[in-house]
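Good morning, and thank you for making time for this item. I would like to take you through one protein chain, beginning with a pair of strands and then turning to the chain overall.

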Amino acid sequence: MAKTIMIVDDSASMRQVVGIALKGAGYDVLEGRDGKDALGKLTGQKVHLIISDVNMPNMDGISFVKEVKQLAAYKFTPIIMLTTESDESKKREGQAAGARAWVVKPFKPEQLLAAVQKLCLP
């Protein structure tokens with residue numbers, strides 16, 4: 001059975017690029033337009049991994065990670081931040097919130113898939 005990954009990014013083209021890479025590697029994909037939209041779509045179904053942008057309207061990625069970690073069903077779901085942010089203090093903030101990996105845009109699909117495969121264990 002395919003594993004499900006949620007992509008959270010306010011850029012439709014970024015969701016599309018990441019989605020194509022993930023689907024090509026055999027994953028099922030859920031999408032959220034921002035943190036608030038994504039939280040509304042986390043309704044208890046199994047999500048094996050979340051990939052989230054940091055800078056988004058309505059609810060930014062760090063706030064989203066903090067909210068996800070409060071939900072019992074997703075407390076242990078690994079989260080990768082996929083962002084243009086490369087500042088160390090922002091990375092530490094993401095890690096403190098619960099993010100497990102940090103991938104800086106622009107990225108190579110194989111770089112992202114390597115991080116996904118490390119965190120998306122059975």
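**A parallel strand pair and its surroundings**

Strands E1 and E2, the latter covering residues 28-32, pair in the parallel sense over 5 bridges. Within this pairing, Ile-5 stands opposite Val-29 of E2. I should state at once that we are looking at a predicted model.

Let me stay with E1, which spans residues 4-8. How many of its residues are buried? The count is 5 of 5, and the strand is thus described as mostly covered. In a regular strand, side chains alternate between the two faces of the sheet. In E1, Thr-4, Met-6 and Val-8 point one way, while Ile-5 and Ile-7 point the other way. Residues of both groups are buried.

I now place this strand in the wider fold. The protein chain contains 5 helices and 5 strands. In what order do the elements run from the N terminus? The sequence of elements is β-α-β-α-β-α-β-α-β-α.

Next, the overall dimensions. For 122 residues, a compact globule would have a radius of gyration near 14 Å, and the value for this chain is 13 Å, which agrees. Along the principal axes, the C-alpha atoms fill a box of roughly 35 × 30 × 25 Å. Buried residues make up 48% of the 122 residues. As for contacts with a sequence separation of 6 or more, 62% of them join residues 24 or more positions apart.

Turning to the surface, the accessible area of the protein chain comes to about 6400 Å², and carbon and sulfur atoms account for 52% of that area. The chain carries 17 positive and 14 negative charges, and the mean positions of the two sets are 6 Å apart.

My last item is a single residue, Ala-97, in helix H4, which covers residues 88-97. Is Ala-97 buried or exposed? Ala-97 counts as buried because its relative accessibility is 10%, and the cut-off for buried is under 20%. Leaving aside residues up to four places away in sequence, Ala-97 touches Ile-62, Val-65, Lys-66 and Lys-69. Lys-46 lies 51 residues from Ala-97 along the chain, and the C-alpha atoms of these two residues are separated by 21 Å.

To close, I return to the starting point: E1 pairs with E2 in the parallel sense, and 5 of the 5 residues of E1 are buried. Thank you for your attention.

Technical notes
Residues numbered from 1 in each chain as written. Predicted model: local features only at pLDDT ≥ 70, side-chain atom pairs only at ≥ 80, totals over all residues. Heavy atoms only, no water. Helix = DSSP H or I, 4+ residues; strand = E, 2+ residues; numbered from the N terminus. Rg over C-alpha atoms; globule rule 2.2 N^0.38 Å. Buried < 20%, exposed > 50% of the residue type's maximum accessible area, 1.4 Å probe, protein only. Contact = heavy atoms within 4.5 Å. Areas by Shrake-Rupley, 256 points an atom, 1.4 Å probe, with all protein chains shown as cover. Lys, Arg positive; Asp, Glu negative; His and termini not counted. Charge placed at Lys NZ, Arg CZ, Asp CG, Glu CD. Pairing = 2+ DSSP bridges.
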